[in-house]
Structure formats: structure tokens, C-alpha cells
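Please look over the sequence and the fold below before reading the notes that follow, which deal with a sheet, the helices packed on it and a ligand shell.

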Amino acid sequence: MKRFLLVLGSNWHLSLAEIDLIIRNPPFKGRIIDYSANIAIVEIEEGLNPKTYVNNLELLQFYFGGILKIAEILDFIDISKVKSAFPELVVSYKKIKPFRTNISKKLNDLLPKVFPKIENESIFFAVSIYPNLYIDDYYKSILVKHFLPFLNENFSRLLKERNARKAIFYKYPQRNMETGNLNPIFPHHVIRYNLLEENRAEIIFGFTEEGCYIARTYTVTNPNFQKKIDEKRPFTSFERSIPPKFAKIMLNFLNLYENKESKRILDPFCGSGTILIFAYINGFEVYGADIKNKYVEHTIKNLRWVGKILEEENIPNFKERIKNIDIKDLINIFEQSSFDGICTEPIFGPFYKQKPDFKDAKTLLDTKIRPTFEELIKIAYKLLKPGKRLCLTSPVIETVENLEVQLPLQKIAEKHKLNLIPIFKKNRIFSKSNKLLQLNLNSLKSIIESKKNQIIKRKFYLFQKLDNNK
Ligand SMILES: C[S@@+](CC[C@H](N)C(=O)[O-])C[C@H]1O[C@@H](n2cnc3c(N)ncnc32)[C@H](O)[C@@H]1O
């Protein structure tokens with residue numbers, strides 16, 4: 001059994017759901033044993049082969065859309081011990097000194113695990129602290145201003161005591177240290193400073209309500225690859241297009257991890273093909289459709305371009321797989337019960353510059369949006385194999401009255417014999433005392449994603465066609 005610390009993306013609900021869904025099943029089986037708004041602590045029981053360990057982690061990282069870093073846990077400090085060493089109010093330094101000495105001993109013990117060879121080596125390291133929540137006062141006033149310098153100075157000193165030739169640490173901007181508004185280093189820094197290489201490391205101190213997990217980073221998301229695919233592809237759509245990380249998360253929600261090359265995935269509203277591109281990169285057999293011929297051609301060209309980048313020997317004939325057709329006619333061209341997953345972002349309505357009023361938003365949803373979603377759900381039932389899933393996003397419109405208007409998707413799905421799958425399972429999540437960290441299971445049947453001041457938000461849903469044999 002191995003324990004890992006996973007750094008979550010900005011929508012931590014989605015990231016936690018993604019992790020939980022991936023590790024419910026082989027090849028990597030395990031569970032989330034603790035979390036905060038920034039990290040998840042994961043115990044993997046099966047699936048990690050010690051010989052191909054780092055490759056396995058890279059594979060896991062490659063699949064995740066909402067995970068920024070994967071680090072192996074080396075040690076843990078109980079929260080009471082951290083707070084005794086770094087209290088909010090220092091009354092007597094004499095009292096806190098023994099607690100700090102204990103932490104220092106722990107740091108010394110874990111050094112050989114991070115750097116197998118220290119003597120005569122030039123070592124460079126970066127310390128990253130992930131708090132429960134960035135708004136925590138304890139993070140701003142104590143962890144950034146006192147704990148971080150303590151860790152840097154102690155690691156440096158301890159490395160020199162072990163005869164390192166050099167022991168240099170990553171210096172965060174002074175201004176951020178002083179104000180306490182500090183972000184730990186980003187994945188691209190980890191790559192830029194070669195922190196995954198010998199004699200170099202990122203050491204993470206990740207806080208939850210229980211304590212501080214100390215971990216060494218093994219893999220990070222490759223922002224350059226994702227960015228290149230998203231921005232450099234021949235055609236990008238200037239209409240609404242889904243960010244790659246969400247496309248990846250949605251594909252993971254389909255729960256198809258083995259023999260991907262034999263799994264057929266469909267996006268019936270493919271636009272310029274973001275979801276299909278990431279499905280193709282993940283190894284799926286991809287199919288798509290769009291009502292506009294222009295988008296069908298863009299998707300085909302984009303997919304071919306990706307095939308060339310991946311140096312695929314046999315690029316499929318995408319012309320046969322991506323069709324110019326209205327959702328309601330899809331059943332005429334694809335065989336019934338032939339897809340292993342449908343993943344899509346359908347229509348979201350106009351781009352509002354100002355919030356509409358409730359009546360307008362409701363009319364738009366009922367008359368323009370709902371029929372298309374209803375059609376999608378009806379057709380998904382026909383096209384999916386039994387037991388397989390439909391993952392979709394649906395619009396939530398914020399109105400001038402500060403109300404949220406949305407489609408009754410669960411009801412629509414039930415009418416057409418698709419079951420809603422709650423994105424979180426009750427028995428796999430435990431409680432947190434901080435209200436901001438609690439997962440309200442009722443509201444987590446589906447998950448909302450929104451940016452500040454966004455009028456139309458995205459809601460992620462997952463449905464399944466009943467498997468009559470089970
Ligand atoms: C939100 S976009 C999809 C974006 C895509 N997921 C991406 O990231 O590139 C929705 C697409 O649905 C297509 N569409 C709208 N109504 C449709 C219908 N009735 N049948 C099929 N496609 C439709 C539009 O042409 C548009 O390209």
C-alpha cells in the first residue's frame with residue numbers, strides 16, 4: 001500500500017470527484033483518505049508495480065484532467081505538533097523550541113529519502129506549502145512568514161551537515177512572503193527548474209485539518225503539451241469551447257480505463273473537437289457529429305493533426321467517423337447500443353453581456369435549449385451499450401434577481417430511462433469540521449464550474465444506461 005499527495009485543480013470538488021472515480025476501479029485501486037481544498041491524500045492498494053513505479057505515476061498523471069502534481073508521502077506531522085511549534089501567538093520561545101527541534105529531526109530523517117546521495121553533491125530544492133484554504137489566516141501569517149523560512153533554512157543546514165557541496169533553495173518573491181499572499185510553485189516551475197531530476201526536488205508540505213503531510217513530487221501535469229494541443233491545432237472555435245482539463249475529467253467520468261483502443265466514444269456536438277481530441281490522445285476510438293459542416297471539417301483536420309503529432313502509424317479515416325448531422329437524426333447513421341461512452345458539451349445559448357431576467361432565462365431554457373438536451377438524452381439511451389455512461393455539461397444561468405435557472409436534467413433523464421449517477425458516493429467521503437471544506441452530498445449529484453461574474457455556468461452531469469443483465 002502506498003500513499004500519495006495529489007495537488008488539486010482550482011475546482012477542487014471536480015478534482016476530488018475525478019480522483020475518487022478513477023481509483024474506485026482497476027488499474028489503480030484505492031481511496032481518498034484525507035483532503036483539503038488544495039490536496040487529496042490517496043492510498044493506492046493495488047495496481048502500482050514497483051518496477052514501473054514512476055511510469056505508473058506518469059500514466060496516472062497523464063489521465064487526470066484536474067490534478068496538477070502527484071507526490072509520494074514521506075512523513076506526517078500532527079496538526080497539534082505543528083501548532084505547538086508555530087503558534088499563532090508566541091508567548092515564550094523556550095516553550096516552542098523543543099517542538100521545533102522535533103520537526104527539524106523529522107526533516108533530517110526524510111532527507112535521504114528525497115536525495116539518495118548528498119555528500120559532495122550540489123542540491124537544489126523548492127518547498128511548497130499547500131494550506132487547507134488559501135484564505136486561512138494561519139497560512140498567511142504563520143505558515144508563509146515563519147514555517148516556510150524555517151523549512152528552507154533547516155533543509156539547507158541539514159544538507160550541509162551531511163556534506164552537500166551546495167544546498168540552494170527556491171526563493172519565493174519577497175513581496176509575497178511579506179504579505180502572505182503566496183502560491184506554491186506551479187507545475188511549469190517544477191519543469192523549468194528540473195525539480196524531478198536527480199539532486200533536485202520539490203518537497204510539499206500539504207495541510208489538512210488532521211495535520212501536515214510531507215511529500216516529494218514525482219510528476220506534474222504537462223501544461224505545455226495541453227496548451228500546444230489546445231492553441232496550436234489548425235482550428236479553434238471562437239464559439240464556446242471546453243477547456244482541455246474539463247474534457248479530460250469528463251472522459252474519466254465515463255469510467256473506461258482498460259482496453260481503451262477498443263472503446264467507442266461519441267461527441268454528438270463536437271464543435272472544433274476538443275473532447276474528441278483528448279479522447280483520441282487517451283487511445284479511444286472516436287466518433288462525432290455536428291450540425292455545422294464547417295465544424296465537422298475542423299474536427300477532422302484537428303484530429304489528423306493530433307495523429308501526426310503523436311506519430312501514429314495508422315491514422316483512422318476520420319471522415320467515416322465524424323458526421324455532419326443533427327442530433328435528432330443520429331440514430332440513422334450509428335448502430336444502436338454501439339457506444340461505450342458519450343461525452344459532450346451541447347448548446348449553451350447566447351453569450352450574455354448582462355444578466356437576463358428570470359423570465360427571459362427560463363423561456364430561453366424551455367424553448368431553445370431543453371428540446372436539444374431532451375433529444376440528446378433520448379438518443380444516448382439508444383446508442384449506448386447497457387451499463388455505459390453519458391457525461392455532459394449543461395448551462396446554469398444567473399439572473400438579475402440573483403437566481404440560478406437550469407434544466408431539470410435528472411427528471412428528463414429518468415423519463416428516458418437514464419439514471420443519474422451521483423458524482424460523489426456517500427460511503428467514500430468523510431466529514432470535515434470546516435464548513436468551507438464540507439461536501440454537501442445532495443448538491444454533489446452534479447458539480448458546477450464557474451468563474452467570477454460568469455453569467456452562464458457549466459454544470460457537469462453523469463448518467464448511465466441501466467444494465468438489464470445486472
Ligand atoms: C458548445 S459547442 C461544442 C464545443 C466542443 N465541445 C469543443 O470544445 O470544441 C456546441 C456545438 O453543437 C453544435 N450543434 C448545435 N445544435 C446542434 C444539433 N441540433 N445537432 C448537432 N450539433 C449541434 C454547434 O454547431 C456547436 O458546434
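In what order do the eight strands of the open sheet stand? The order is β2-β3-β1-β4-β8-β7-β5-β6, with mixed pairing, where strands (E, at least two residues) and helices (H or I, at least four) are DSSP runs numbered from the N terminus, and two strands pair if DSSP finds at least two bridges between them. This is a predicted model, in which local features need pLDDT of at least 70 and side-chain atom pairs count only at pLDDT 80 or more, while totals for chains, interfaces and linings use all residues. Residues are numbered from 1 along each chain as its sequence is written.

**Sheet**
- Because β2 (29-35) and β6 (166-169) stand at the edges with a single partner strand each, one side of each is left without a neighbour in the sheet.
- Neighbouring strands are turned by 35° against each other on average, direction ignored, with axes fitted as lines to C-alpha atoms (for helices over the stretch in contact) and angles running from 0 to 180 degrees between N-to-C directions.
- β1 (residues 2-8) pairs with β4 (residues 67-78) in the antiparallel sense over five bridges, and L5 stands opposite A71 in β4.

**Helices on the sheet**
- Helix α2 (residues 53-63) packs on the sheet, touching β4 and β8 (211-220), and its direction makes about 90° with that of β8; contact requires C-beta atoms, placed from the backbone, within 7 Å.
- Helix α4 (residues 93-114) lies across β4, β7 (200-207) and β8, running at about 135° to β4.

**Ligand shell**
- Of the 24 residues around the ligand (C-beta atom, placed from the backbone, within 6 Å of it), S241, F269, G271, T274 and I291 come nearest.
- α10 (274-281) and β10 (285-290) each supply at least two residues of this shell.

Conventions: Contact = placed C-beta atoms within 7 Å.
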